[in-house]
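Got a new protein on the screen and wondering how anyone decides what to call its parts? Let's go through it step by step.

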Amino acid sequence: MGYGPATLTCKNLQDYLKSLPKDTLDALYRNPATCLAVFRELPELSRHFIMRLLFVTKPISQIVLAAWIPHQEPSKDLGDIAAEHKQSTQVLLDMYIWQEVKDHHGNAAIKLNSTFRENLKIATLGGGKPWTMSGALDPDPHQRDLEFLDKYAMDRWESVLQFLVQPGRGATVISRDAMRTLLHAGLIESSDESDSPNMQITSSGFQFLLLDTASQVWFFILKYLETVTERGLSLVACLTFLFKLSFSTLGKDYSMEGMNNELLTFLQHLREFGLVYLRKRSSGRFYPTRLALNITAGQNKGNLDVPKQGDLVIETNYRIYAYTTSELQIALLSIFSEIEGRFPNMVVACISRGSVRRALLKGIGAEQIISFLRQHCHPQMYKQNPVVPRTVSDQIKLWEMERERLEFSEGVLYKDFMSVHDYLLLSNYASSKGVLIYSDEKQRTVVVTKKGHPAIKQFWKENQSR
C-alpha cells in the first residue's frame with residue numbers, strides 16, 4: 001500500500017442513486033421531476049431502452065432485449081457493442097428503473113418500473129398535477145436581476161471556500177450547517193466541532209479547492225445529503241426539491257406557499273450555501289441562483305458556470321501575474337506557487353519545483369493545477385493555443401512524474417532464518433497468500449504486508465511448534 005494522501009473522489013448522480021436503498025428510490029420515482037432528472041443523466045443506450053418500453057406494460061423477453069443493439073459503427077467491434085449493451089442494462093437494474101421478471105412462458109424477461117414509467121410520461125408528455133414549482137406570484141417589489149443573483153451566489157460560496165482555506169483564523173464566518181458539512185466531508189478536521197480555531201484543512205480540502213465550481217457544489221451537496229436524517233430532515237423530500245430546483249428558471253421568483261417546516265429548514269440551508277436567494281423568510285418567495293440550476297449534472301458536465309473574468313497571466317518562465325485583490329484567489333494561488341510580490345491590484349507569483357511538490361504532497365495532482373490555471377486565465381490568454389503555455393504544463397507534469405518513480409509500501413520484515421528450508425517455507429506461504437512484498441534468498445529476508453503479518457506470524461508459530 002503506497003503512502004500519500006488519498007485522492008478526493010466524488011460520485012456522479014448515477015453512482016449516488018445506486019447507493020440508496022430500493023425503498024428510497026421508489027419514493028423518489030413518485031415525482032416527475034426526479035424521473036426526468038434521472039432519465040437525462042442515463043447513458044444514451046439506457047435512454048433508448050426506456051423510450052422503447054415507456055408504453056409497454058407487459059414483460060419483454062431478454063432474448064428480444066438482446067437484439068436491441070446500437071447501429072454498428074466501423075470503429076466498433078462486436079465486443080465493444082456487447083459491453084455497452086451490458087453496461088446500459090446493468091445501470092437500469094442497479095437503479096431499480098426496471099426489474100427482472102418472468103414472462104407468461106416462464107422465460108427471463110424485463111419490465112419497466114411502473115412508478116418510474118408513469119411519472120416519466122407525465123414529465124415528458126404532460127398531464128397530472130403540476131410538478132414544477134409554482135411561479136404564480138404578485139410582482140416582487142424587491143425584484144432581483146441576474147447580476148445580483150450571480151454576485152450573491154458567488155459571495156456566499158466563496159465565503160465557504162475562504163473559511164476552508166483558513167478555518168478559524170480569518171474574519172470569514174460561515175453557518176454551523178456549512179461547517180458541519182465540511183467536517184463530515186473530511187475537508188477540515190477538528191477535535192471539537194465548536195472550537196473552530198483548532199480546525200485545519202485536510203489534503204482532501206486542498207484538492208476540493210482546486211475543483212471547478214460545479215464539482216465543488218455537487219460534492220458539497222452530496223455530503224450534506226448524507227447528514228440530512230441526522231438533522232431531522234427527509235432525504236426523499238430534500239432530493240425531490242433539489243431535482244425541482246434543477247428545472248427552475250434563472251431570475252424568476254418562486255412561491256414558498258405549501259412548504260412544511262422541513263422544507264423551509266432545507267431552503268434556509270440552501271440559502272446559506274448560495275443555492276437560493278431568500279430576502280427574508282416572511283417574504284414568501286425565493287430565487288434559485290445559477291449554482292442550483294442543473295446541479296445534478298454538475299459533476300459530469302460542469303455546467304454551473306457562473307460568468308466570471310479570469311485574472312491570471314502566465315508566462316513561459318513560470319511567472320504568474322494575478323490581477324486580483326481577492327484574498328481567496330491569492331490563497332488558492334499560494335497552494336502551488338510562491339508569492340513574490342503584492343501590489344494594490346496585482347500579485348506576482350512563480351511556479352517552482354518546490355511549490356509544486358508541496359502541492360503534490362497535499363494530494364493535489366498536476367492536472368488539477370493545470371485545470372485551475374486554465375479556468376482562471378485572463379481573457380488575453382485565450383488568444384493563444386494552448387491557453388496555459390505548454391512549457392509550464394509539461395513541466396508541472398514532469399515534476400509529478402518524479403514522485404511516481406518509487407512506490408512505498410508498509411510491511412513487516414522477517415530475517416535471520418536458521419536454514420534455507422525455513423526461508424523458502426515462509427516465503428512460499430506468504431506468496432501463496434498474496435501478502436509477499438519482497439524476498440531475498442541470499443540474505444534470507446522476507447517482507448510481508450502489514451495486513452498479512454498476523455496470518456504469517458501464526459503460520460510460523462504453528463510450524464515451529466511441530
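Q: This is a predicted model, so what average pLDDT does the protein chain have, and what share of the residues score at least 70?
A: The chain averages a pLDDT of 84, and 89% of the residues score at least 70. The scale for this confidence runs from 0 to 100.

Q: Where does pLDDT stay under 50?
A: That happens over residues 298-307, although the model still has 32 contacts there beyond four places in sequence. Predicted coordinates should not be read in detail where pLDDT is low.

Q: What makes β2 and β3 count as paired strands?
A: Two strands pair if there are at least two bridges between them. Strand β2 (residues 98-102) and strand β3 (residues 108-112) have five, in the antiparallel sense, so they pair. One of the matches puts W98 with its bridge partner L112 in β3. The hairpin they make has five residues between the strands, and G106 takes a positive phi near 85° there.

Q: How do you know that β1 and β3 pair as well?
A: They have two bridges, antiparallel again, and at least two is the cut-off, so they pair. I60 stands opposite I110 in β3. Helix α4 (residues 44-53) packs on this sheet and touches β1, β2 and β3, with its direction at about 85° to that of β3. Helix α6 (residues 78-94) packs on the sheet too, touching β2 and β3, and its direction makes about 95° with that of β2.

Q: What is the strand order in that open sheet of three strands?
A: The order is β1-β3-β2. β1 (60-61) and β2 are the edge strands, each pairing on one side only.

Q: Why are β9 and β11 said to stand at the edges?
A: They belong to an open sheet of four strands with antiparallel pairing, in the order β9-β10-β12-β11. β9 (312-314) and β11 (338-343) each have a single partner strand, so one side of each is left without a neighbour in the sheet. From one strand to the next, the twist averages 20°. β11 joins β12 (residues 346-350) through five bridges, and G341 has V348 as its bridge partner in β12.

Q: How many cavities of 30 Å³ or more are there, and what lines the second largest?
A: A search of the whole structure finds two. The second largest holds about 30 Å³ of space. Its lining is D311, L312, A322, T324, Q329, L333 and F372.

Q: How does that lining divide into nonpolar, polar and charged residues?
A: It has four nonpolar, two polar and one charged.

How values were computed:
Residues numbered from 1 in each chain as written. Predicted model: local features only at pLDDT ≥ 70, side-chain atom pairs only at ≥ 80, totals over all residues. Heavy atoms only, no water. pLDDT = per-residue confidence, 0-100. Contact = heavy atoms within 4.5 Å. 1 Å grid on protein atoms, 1.4 Å probe; cavity = no way out; pocket = protein on both sides within 12 Å on 5 of 7 lines; lining within 4 Å. Points joined across faces, edges and corners; volume = space filled by probe spheres on them. Nonpolar A, V, L, I, M, F, W, Y, C, P; charged D, E, K, R; others polar. Axes fitted to C-alpha atoms, helices over the stretch in contact; angles between N-to-C directions.
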